[in-house]
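The exercises below are meant to be worked through with the sequence and the 3D structure side by side. Try each task before reading its solution.

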Amino acid sequence: MTRRFYVTTPIYYVNGAPHIGHAYTSVAADIVARFRRLAGDQVHFLTGTDEHGQKVEQAATAAGETPQAFTDRISADFRAMADTMQISYDDFIRTTEPRHVSGAQALWEKVAASGDIYLGAYEGWYALRDEAFYGEDELIDGPNGQKLAPTGAPVEWVREPSYFFRLSAYQDRLLELYEKRPEFMGPSGSRNEIMSFVRQGLRDLSISRTSFRWGVPVPNDPEHVMYVWFDALSNYLTALGYPDTNNPLMAFWPADLHLVGKDIARFHTVFWPAFLMAAGIELPSRIFANGWWTVEGEKMSKSLGNVIDPRDLVSEFGVDAVRFFLIREVPFGGDSDLSRRSFIHRLNTELANDLGNLAQRTLSLIARNCNGALPEAGARTEADTHLLAQAELLPSLMEEQVGRCALTDALEETWKIIRACNAYIDHQAPWALKKTDPERMGHVLRVLADALRIIATVLQPWMPESMDRMLTQLGVSESERSFAALGVALPAGRELPAPKGIFPRYTEAEDEKGQ
RNA sequence: GGCGGUGUAGCUCAGCGGUAGAGCAGGGGAAUCAUAAUCCCUUGGUCGGCGGUUCAAAUCCGUCCACCGCUACCA
């Protein structure tokens, strides 16, 4: 009985080029998706782009393009970034696709049928640039007496008819949800903030606009287009074929995990469950927010010119190095800093020295002393048993951690074993056994090969390309790389390809920057 | 202003009632299979300040200080 697992990234807003933050969330989701596949689940992994709204309409006009041509171009760029980062998405949804538009409309009608949508008027201080309304008390005085949003954007008093969602009616049910299902959202800091936000009281939510046209038309009232969050959030359902319950993909609902950036955690933990409750649809299992990246200690911003395109790092260091660093550097959920110095340091100490060198020394000993064939396992000594027992625990240990989105902790678990392997090889000294006890030398190398196989298998979700190479060098065929396959030992005597370094060191660059 | 979080070794952080921990950095040694990588040992902290509860407090309570986040529509 295969378990189904549905994981999503946010759909990214196409008003700018993809940067390291987008890559971060996608890599995290990809690790979860790949991990679940290794564990044997049937996985559906969704990513995509959010393409409606006034800002997009205007950006397109400014670029001298139609909105559709503009979004085609930017969306393709996001998709290219996902491909570069080796994101193993099963589907890429665009909110301008017909399947999404009709699905979002169906969801709207379902919510409307519950009586939780009504027509009213929205008026307030509106900032075109931010595409947002602001409260009177939030405004600041600009030069010439002009009122400005806290972001510095000019505002104007606007009144327009709008459909509202009766969010205020859901306050108690939401709080009850958070209390009853503490795992519904994380990390805990984010959870506390959301809960206190909801306790402060919820206002009804404006969910349509008449001031621009680039959006999903509201059913039965074409003057209105959907406000961006109703449109965007529904993608998680429309990508499964909603409202067509006969679509086989609908079996993946409810989603197991929505991964989001912490800035949009609220929309996913407040608006989304409320919409779903109104529509009588099951709620997702878990929503987890990741933190922000700073660059060399500074906030990423266009004006500072320090926005990092992950593809630049990939072309210099390789995709796996970037994926590894993003998840390894700081406990997943918190904020983190990307500096060239710490980046190179991580790659050198952990990838090149600890793991790469371990594989290299083990494999070259086998190549030279065992005719390049996988040695036979011998009777296990206490040291052998101790090492392998720890390694064999990895899949289940990491499964628990990945389930909690503790992606960094899971890596740390693996590194403990890698360090133990380095200690083991030194203590066993197979290069010395070669003269005194060649049989035992083979057994020691086999223990290391087996431990490395486990290590490379569990690390596949984090570093798919390099672990593919490592498993190949260890003689593990494509069909022997799942967690289940770990239960079957590789036959002794299997021929191994010539070992080749997997993680290079970056000495020059480190010297340049070092001090 | 309100709510919340953080403050532990030089750095990044774990521990959250019972004799201070990890990784990295620093120091000493071993080894030489390996990407000069590795292994072993080791220096280093009145656990932000002050009070309190307790046989016992990084760990609970109070208070103060310093930073940070959230307070309605940007990964």
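**Exercise 1. Determine how many residues of domain 1 are in contact with how many residues of domain 2, and how far apart the domain centres are.**

Solution. Begin with the contact itself, in which twelve residues of domain 1 meet 17 residues of domain 2, contact being heavy atoms within 4.5 Å. Next, place the two partners along the sequence: chain A is divided into domain 1 (4-291) and domain 2 (340-487), with bounds that come from an automatic or database domain assignment. Finally, take the centres over C-alpha atoms, which gives a separation of 42 Å between domain 1 and domain 2.

Before going on, note that this is a predicted model, in which local features need pLDDT of at least 70 and side-chain atom pairs count only at pLDDT 80 or more, while totals for chains, interfaces and linings use all residues. Residues are numbered from 1 along each chain as its sequence is written, chains are lettered from A and ligands numbered from 1 in the order in which they are written, and side-chain values use heavy atoms, with hydrogens and water left out.

**Exercise 2. Describe the protein surface near RNA strand B, and find polar contacts to its bases.**

Solution. First, collect the residues near the strand (one heavy atom within 4 Å of it): there are 45 around RNA strand B, and Gly21, Arg203, Tyr227, Asp263 and Arg266 come nearest. Second, sort them by class, which yields 18 nonpolar, 17 polar and ten charged residues. Third, turn to the RNA side, where 64% of the strand B atoms within 4 Å of the protein belong to sugar or phosphate and the rest to bases.

Fourth, look for polar contacts, that is, pairs of N or O atoms within 3.5 Å. A polar side-chain atom of Arg361 is 2.6 Å from a base nitrogen of RNA strand B, a backbone N or O atom of Phe503 lies 2.6 Å from a base nitrogen, and a polar backbone atom of Gly356 is 3.2 Å from a base oxygen. Fifth, assign the surface to elements, using DSSP runs numbered from the N terminus (helices, H or I, at least four residues; strands, E, at least two). Those that give two or more residues are helix H1 (20-38), helix H6 (188-199), helix H9 (265-279), helix H12 (340-369) and helix H14 (407-428), and H12 gives the most, with eleven residues.

**Exercise 3. Locate the two cis peptide bonds that precede Pro187 and Pro254, and the positive phi of Gln86.**

Solution. Start with Gly186 and Pro187, which are joined by a cis peptide bond with omega of about 0°; Pro187 is found in the loop between strand E9 (185-186) and H6. Continue with Trp253 and Pro254, whose peptide bond is also cis, with omega of about 0°, and place Pro254 in the loop between helix H8 (235-238) and strand E14 (257-261). Last, consider Gln86, a residue other than glycine whose phi is positive, near 60°, and which lies in the loop between helix H3 (67-84) and strand E3 (91-94).

How values were computed. Polar contact = N/O pair within 3.5 Å; in protein donor to acceptor, adjacent residues only side chain to side chain. Nonpolar A, V, L, I, M, F, W, Y, C, P; charged D, E, K, R; others polar.
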